[in-house]
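Trainee: I am new to this structure and should like to learn how its features are read. May we go through them one at a time?

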Amino acid sequence: MMENQAREKDLVLQVKDLKINIKTDDGILTPVRGVNFEIGKGETLGLVGESGCGKSLTSKAILGINAKNCKAEGEILFDAENLGMTDLLKLKPRGEEIRSIRGKQISMIFQEPMVAFSPMYTIGNQINEATLLHITRDKKKAKEISLGVMKKVGIANAEKRYDQYPHEFSGGMLQRALIAMALVCNPKLLIADEPTTALDVTIQAQILELMKELQKDFGMSILFITHDLGTVARMCDRVAVMYLGKIVETAPAVEIFKNPQHPYTRGLIGSVHKIGTKGQDKLFSIEGTVPVAMNLPKRCGFYDRCDKRIEGVCDVQEPELVDSGDNHRVACFACTGCPQAEKCGAEGGKA
């Protein structure tokens, strides 16, 4: 009990039963169907899954920047300055409280830096926007702060770069500028949504190393969203695997690679190229695609693609996320060691 209370005091973010419904001409789309996770102070949580699993919608719901037709339910509790644990979903999307959090206490790095920056304004002008809004109204002091952060993220000749436009930056340098813009207000939580997808592997390594260094310097927590498990192994303390709008497995990063339990997680890890693999060896691939999250039957979301499915069990009910030991939680009737497997008669979970 005392451990749980201590853990709660160290939490920066708690997402509880988050659902997102989108009204369309064909019906109600539910791309996020009851997501639960938490992030501690100074911790990096990796949110992993294929495109279409609901990762980006989940992250944008934290900041309240999803499209107007996305209706979020549940709780997103954030340890906000002067407010304590606050449910972000209850704040007005354009109110003063969420504006004091968005960009200052919670920042986000988006997938495409070329899209994130406006081509009409200089890099310095756009970084300064957050500085002037949240830190100081003094333009000279704001410029000094912005230049300091640009130098900190490794932008050479920052004074010259400050007055340049996005098209004058390379992809890697533009990503550094985007990180600078996200960190200029020293946020408690940084959301990094596929921050290295558009970069070559050398620049990727530099950006990841930079983020780890800045995390130590700023003491911030990170929600790292990706489909690249190699990046997860390098960056994350814990991993939450997401499929069809739900978390299907969560564990410390070392444990998830050492002992993946959900068939989907095993498939993701099996599809990664490993050192020593022969040229003629084929990588494992998960058959099929992520279903459309509309009018879903009451069964395991991974049922159609799973080679471990149990007829009469997996197709009639949806598994819950339960403890399986070693801070490991999994939602699967057919997983080794899963308590639900014994309950459903899956031969002690060895199906």
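Mentor: Certainly; please keep in mind that the model is predicted. We begin with a pair of strands: β3 (residues 44-48) and β9 (residues 238-243) pair in the parallel sense over four bridges. Within this pairing, Leu 45 has Arg 238 of β9 as its bridge partner.

Trainee: In what order do the strands of the open sheet lie?

Mentor: The open sheet has eight strands, in the order β6-β7-β8-β3-β9-β10-β12-β11, and its pairing is mixed. From one strand to the next, the twist averages 20°.

Trainee: Which strands stand at the edges?

Mentor: They are β6 (106-109) and β11 (322-325). Each has a single partner strand, so one side of each is left without a neighbour in the sheet.

Trainee: Which strands does α8 touch where it packs on the sheet, and which does α12 touch?

Mentor: Helix α8 touches β6 and β7 (189-193), and its direction makes about 170° with that of β6. Helix α12 (residues 263-270) touches β3, β9 and β10 (246-252), and its direction makes about 105° with that of β9.

Trainee: How is the packing of one helix against another read, for instance that of α5 and α8?

Mentor: One looks at the distance and the angle between the axes. Those of α5 (residues 123-134) and α8 (residues 171-183) come within 9 Å and cross at roughly 20°. Angles under 35 degrees count as roughly parallel, and α5 and α8 are therefore roughly parallel to each other. On the α5 side, the contact is made by Ile 123, Gln 126 and Ile 127, and on the α8 side by Leu 174, Ala 177, Ala 180 and Met 181. Six of the residues in this contact are nonpolar, one is polar and none is charged.

Trainee: What general idea helps in reading a nonpolar core?

Mentor: In soluble globular proteins, nonpolar side chains tend to be buried together. In this model, the largest nonpolar core has 67 residues, of which Met 150, Ile 179, Met 211 and Tyr 264 touch the most other members. Helix α8 supplies the largest share of this core, with eight residues. A second, separate core has 34 residues, including Leu 45, Ile 98, Leu 189 and Leu 223.

Trainee: With which residues is Ile 179 in contact, leaving aside its neighbours within four places in sequence?

Mentor: They are Ile 109, Val 153, Ile 207, Leu 210, Met 211 and Leu 214.

Trainee: Is Gly 49 buried or exposed?

Mentor: Gly 49, in the loop between β3 and α2 (55-63), has a relative accessible area of 1% and is therefore buried, since the cut-off for buried is under 20%. Leaving aside neighbours within four places in sequence, Gly 49 is in contact with Lys 55, Thr 226, His 227, Met 242 and Tyr 264. Gly 49 and Thr 265 are 216 residues apart in sequence, and their C-alpha atoms are 8.7 Å apart in space.

Trainee: What should one look for in the backbone angle phi?

Mentor: Most residues other than glycine have a negative phi. Asn 186 is not a glycine, yet has a positive phi of about 55°. Asn 186 is found in the loop between α8 and β7 and, at 43% relative accessibility, counts as partly exposed. Asn 327 also has a positive phi, near 55°. This residue lies in the loop between β11 and β12 (328-330), and Asn 327 counts as exposed at 66% relative accessibility.

Terms used
Residues numbered from 1 in each chain as written. Predicted model: local features only at pLDDT ≥ 70, side-chain atom pairs only at ≥ 80, totals over all residues. Heavy atoms only, no water. Axes fitted to C-alpha atoms, helices over the stretch in contact; angles between N-to-C directions. Helix = DSSP H or I, 4+ residues; strand = E, 2+ residues; numbered from the N terminus. Parallel < 35°, antiparallel > 145°, perpendicular 65-115°, else oblique. Contact = heavy atoms within 4.5 Å. Nonpolar A, V, L, I, M, F, W, Y, C, P; charged D, E, K, R; others polar. Core = buried A, V, L, I, M, F, W, Y, C linked by side-chain atoms within 4.5 Å. Buried < 20%, exposed > 50% of the residue type's maximum accessible area, 1.4 Å probe, protein only. Pairing = 2+ DSSP bridges.
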